[in-house]
Amino acid sequence: MHSKLTKHNKRTVFLMLLFLFPAPRTVCCVPCRLIDAATPNGQAWPQAALLRVGSQVFDVLLNPPTVETLALPGFPMAGYPVLPVAALAFSDEELCKWRWLRKPHVPGKGGSSGSSSKDKAAAAAAAAAVAGWEDAGCSSMCYTPTQQDIGYTLRVECTPAA
């Protein structure tokens, strides 16, 4: 964006850049105070901070662990390890929770490549529960397909941890 930010849209952009998640109904006991605009986010938002916008209250998460991209190689083979390519922010691959799934391959429905956005990943995870995916029995980052996986599409899920 190359437009000049005014006081009004600085606040709008700032709110759009925060990772906001709805919090349970709580009452904020910390007195409200104005924060200097030059204060870095790490200092302005202490851990366990809440942001109230109108009647809604949001948890403010600083640098939450995030999966930015997740992809699988195009043609896995039985007996050869498959290692997903994951781009993580504020997380480590060893700390992540991995889950491998499979379902019978349907020609013309696409491959098992990973998602490149958080929205696609969330929608795909929800669809997996109802779309016939079954657990492949592996909870590590690396999976070695077996003869029983031939004819199946593989999928990997990564839940990041800090």
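Contact is taken here to mean heavy atoms within 4.5 Å. In the predicted model, Val156 by this criterion touches Leu70, Leu72, Pro84, Trp98, Arg99 and Trp100, with residues up to four places away in sequence not counted. Val156 is also one of the residues with the most contacts inside the largest nonpolar core, a group that further includes Leu70, Leu72, Trp98, Trp100, Tyr143 and Cys158. This core has 15 residues. Two or more of its residues are given by each of the elements β4 (66–71), β6 (97–104) and β8. The largest share, 3 residues, comes from β8. Apart from this core lies another, of 5 residues, among them Ala44, Trp45, Ala49 and Leu51. In soluble globular proteins, nonpolar side chains tend to be buried together.

The protein chain contains 3 helices and 8 strands. Read from the N terminus, its elements follow the order α-β-α-β-β-β-β-β-α-β-β. Of the 162 residues in the chain, 24% are buried. The exposed surface of the protein chain is about 11600 Å², and carbon and sulfur atoms supply 61% of this area. Among contacts with a separation of 6 or more, 75% are accounted for by residues 24 or more positions apart.

An open sheet is formed by 3 strands in the order β7-β6-β8, with antiparallel pairing. β7 and β8 are the edge strands, each pairing on one side only. The pairing of β6 with β7 is antiparallel and extends over 2 bridges, while that of β6 with β8, also antiparallel, extends over 8 bridges. Arg102 has a partner on either strand: Glu134 is its bridge partner in β7, and Leu154 stands opposite Arg102 in β8. Although β8 is an edge strand, 6 of its 8 residues are buried, so β8 is largely enclosed by the rest of the structure.

Arg102 is also involved in a side-chain interaction with the loop that precedes β8. Asp149 is found in this loop, between β7 (134–135) and β8 (152–159). The side chain of Asp149 makes a polar contact with the side chain of Arg102 at 2.9 Å. With neighbours within four places in sequence left aside, Asp149 is in contact with Arg102, Tyr143 and Leu154. Two of these residues recur above: Leu154 stands opposite Arg102, and Tyr143 belongs to the residues with the most contacts inside the largest core. Asp149 has a relative accessible area of 7% and is therefore classed as buried, the cut-off being under 20%.

The structure holds 0 disulfides. A disulfide is a covalent bond between the sulfur atoms of two cysteines. For Cys138, the closest cysteine sulfur is that of Cys142, at 7.4 Å, which is too far for a bond. The reverse also holds, since the cysteine sulfur closest to that of Cys142 is in Cys138. The limit applied to a disulfide is 2.5 Å between the sulfur atoms. The two residues are assigned to separate accessibility classes: Cys138 is buried, with a relative accessible area of 15%, whereas Cys142 is partly exposed, with a value of 34%.

Further local features concern β2, β5 and the loop that follows β5. Leu50 is placed in strand β2 (residues 50–53). At a relative accessibility of 29%, Leu50 counts as partly exposed. The C-alpha atoms of Leu50 and Val60 are separated by 5.7 Å, with the two residues 10 positions apart along the chain.

Ala87 lies in strand β5 and is likewise partly exposed, with a relative accessible area of 27%. Residues up to four places away in sequence again not being counted, Ala87 touches Thr66, Val67, Glu68 and Thr69. Between Ala87 and Thr66 the C-alpha to C-alpha distance is 8.7 Å, and the separation in sequence is 21 residues. Phe90 occupies the loop between β5 (85–89) and β6. Although Phe90 is not a glycine, it has a positive phi of about 60°.

Key: Residues numbered from 1 in each chain as written. Predicted model: local features only at pLDDT ≥ 70, side-chain atom pairs only at ≥ 80, totals over all residues. Heavy atoms only, no water. Helix = DSSP H or I, 4+ residues; strand = E, 2+ residues; numbered from the N terminus. Buried < 20%, exposed > 50% of the residue type's maximum accessible area, 1.4 Å probe, protein only. Polar contact = N/O pair within 3.5 Å; in protein donor to acceptor, adjacent residues only side chain to side chain. Core = buried A, V, L, I, M, F, W, Y, C linked by side-chain atoms within 4.5 Å. Areas by Shrake-Rupley, 256 points an atom, 1.4 Å probe, with all protein chains shown as cover. Pairing = 2+ DSSP bridges.
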